[in-house]
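Subject: Structure handover

Dear colleague,

I am passing on the structure below, together with notes on what was found in it. Please read them with the structure open beside you.

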Amino acid sequence: MEMKAAVFRKVHEPLTIETVEVDKPRGREVLVRTIATGVCHSDLHVVDGLGRFPLDRPYVLGHEGAGIVEAVGADVTSVRPGDHVVACLSGFCGNCIQCLSGHPNLCTGAIVTRADDATPRLSQKGQPFRQFLSISSYAERMLLHENSVVRIDPELPLDRAALVGCGVLTGVGAALRSAGLEPGQTVAVFGCGGVGLSIIQGARIGGARQIIGVDVFPSKLEMAKRVGATHTVNSSEDDPVKAVRALTGGAGVDHAFEAVGLAKLVRQAIESLAIRGTATIVGVMPPDAMIEFPWMAIRPECKVQTSRMGSNRFRADIPLYLDFYRQGRLQLDEMVSRRGRIEDINEAFRAMKAGEVARTVLTFD
Ligand SMILES: [Zn+2]
Ligand SMILES: [Zn+2]
């Protein structure tokens, strides 16, 4: 069927709203009517020519989507038409070593996408398009493997549930799952965009006693306070490492998180740690980024680790985090700084780059 979608054709050029053909669901695929999609940094990375994505075909970007199942392939068992679902880029196979050892976010099975030489899920006048992260949510329909979606309570608002599919899952999970934060610990979060704010919320939900938000934008530091930061540091005014040390009585923090993807901030996170502290890198770095720090900067027995999509088991975690929302513990309404339509996508990218928003959410009819 034909649908409206935002198409990426060339690096540094705006997306264009075009008519795109979406195939029928086959096998274990589901066709979802998109209700809402968040605008996440990883989409902007493609537009900016960063990362490792092949640029041989046009893309439909977007990967933080939620909607209603419209049709399912013959072999689908986990959802049916009418179900409300959230999509997640951590589609899993269920059979590889990572899946079987409880880490489906690191799945190596690659079953949730169609092969390059198969009939494409998305195309235009016979030209195959690439689907982004096996989702492509900047479109009126998403054609997905059933292992890329989770059914949620239909009472929940899909425009906020969508955010839990990527940014919120990544941030809350970085604190609660990857870092293994314990109640009473101290935390610093470098970068207070959508993911950083979600890390702050995860730390608050996990019982951190001190949460220090670090950013260069005063508006983001305000947001950080609203969602749970006990202290903030404007790193354009103060040396953040000294400030974090001062706020923790010289000790440093038990957990420092890097939520932007800048080598400089990774170093600051490491230098802010307490003895036996853990630095968790959540931001996506350019592939050739080098991280350097003086040996003396590391306190005894510190750990530096990465976190992939909040170490999620999303079929369990997305409904759990949405329960936190229902209970008032996870603030999702506050995360939506702007709303728009698919036609507003380029403006949403601009606002994200300018640091004006936590998240823009685009909705469809
Ligand atoms: Zn994302
Ligand atoms: Zn797997």
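Two strands are said to pair when DSSP finds at least two bridges between them, and that cut-off is needed for what follows on strand β19. Please keep in mind throughout that this is a predicted model.

Strand β19 and its partners

Strand β3, which covers residues 29-38, is joined to β19 by three bridges, and these two strands run antiparallel. One of the places to look is Thr37, whose bridge partner in β19 is Leu362. On strand β18 (residues 336-340), β19 has a parallel partner, with four bridges between them, and here Leu362 of β19 is the bridge partner of Gly340. Leu362 is thus bridged to Thr37 and also to Gly340. Together with helix α10 (residues 345-353), strands β18 and β19 make a β-α-β unit, which is right-handed. Strand β19 itself, residues 359-363, is mostly covered, since four of its five residues are buried.

The chain as a whole

The protein chain contains 10 helices and 19 strands. Its radius of gyration is 20 Å, close to the 21 Å that the globule rule gives for 365 residues, so the chain is as compact as a globular protein of that length. The C-alpha trace spans about 60 × 40 × 35 Å along its principal axes, and buried residues account for 52% of the 365 residues. Of the contacts between residues at least 6 apart in sequence, 70% join residues that are at least 24 apart.

According to the domain assignment, domain 1 consists of residues 2-165 + 331-363, while domain 2 consists of residues 171-308. Their centres, taken over C-alpha atoms, are separated by 29 Å, and the contacts between them involve 12 residues of domain 1 and 13 residues of domain 2.

An open sheet of six strands

Another part worth finding is an open sheet of six strands with mixed pairing, in which the order is β8-β7-β2-β1-β4-β9. Strands β8 (127-128) and β9 (130-131) stand at its edges with a single partner strand each, so one side of each is left without a neighbour in the sheet. Further in, strand β2 (residues 16-22) and strand β7 (residues 122-124) run antiparallel and are joined by two bridges; Val22 has Leu122 in β7 as its bridge partner.

Helix α6 and Val189

In helix α6, which runs over residues 218-227, the buried residues are Lys220, Leu221, Met223, Ala224 and Val227. Seen down the axis of α6, they fall within an arc of 155°, so they line one face of the helix. Their cover includes α5 (194-205), β13 (210-215) and β14 (231-234). Just after α6 comes Gly228, which takes a positive phi of about 135°.

Val189 lies in strand β12, residues 186-190. Is Val189 buried or exposed? Val189 is buried, because 34 other C-beta atoms lie within 10 Å, where 20 or more are enough for a residue to count as buried. Leaving aside its neighbours within four places in sequence, Val189 is in contact with Gly196, Ile199, Ile200, Gly213, Val214, Phe257 and Ala259. The C-alpha atoms of Val189 and Ala229 are 9.1 Å from each other, although 40 residues separate the two along the chain.

With best wishes

Notes. Residues are numbered from 1 along each chain as its sequence is written. Chains are lettered from A and ligands numbered from 1 in the order in which they are written. This is a predicted model: local features need pLDDT of at least 70, side-chain atom pairs count only at pLDDT 80 or more; totals for chains, interfaces and linings use all residues. A residue is buried if 20 or more other C-beta atoms lie within 10 Å of its own, exposed if 12 or fewer, and partly exposed in between; C-beta atoms are placed from the backbone. The arc is that of the directions from the helix axis to the C-beta atoms. Two residues are in contact if their C-beta atoms, placed from the backbone, lie within 7 Å. A crossover is right-handed if, with the strands pointing away from the viewer, the path from the first strand over the helix to the second runs clockwise. The radius of gyration is taken over C-alpha atoms; the globule rule is 2.2 Å times the number of residues to the power 0.38. Domain bounds come from an automatic or database domain assignment.
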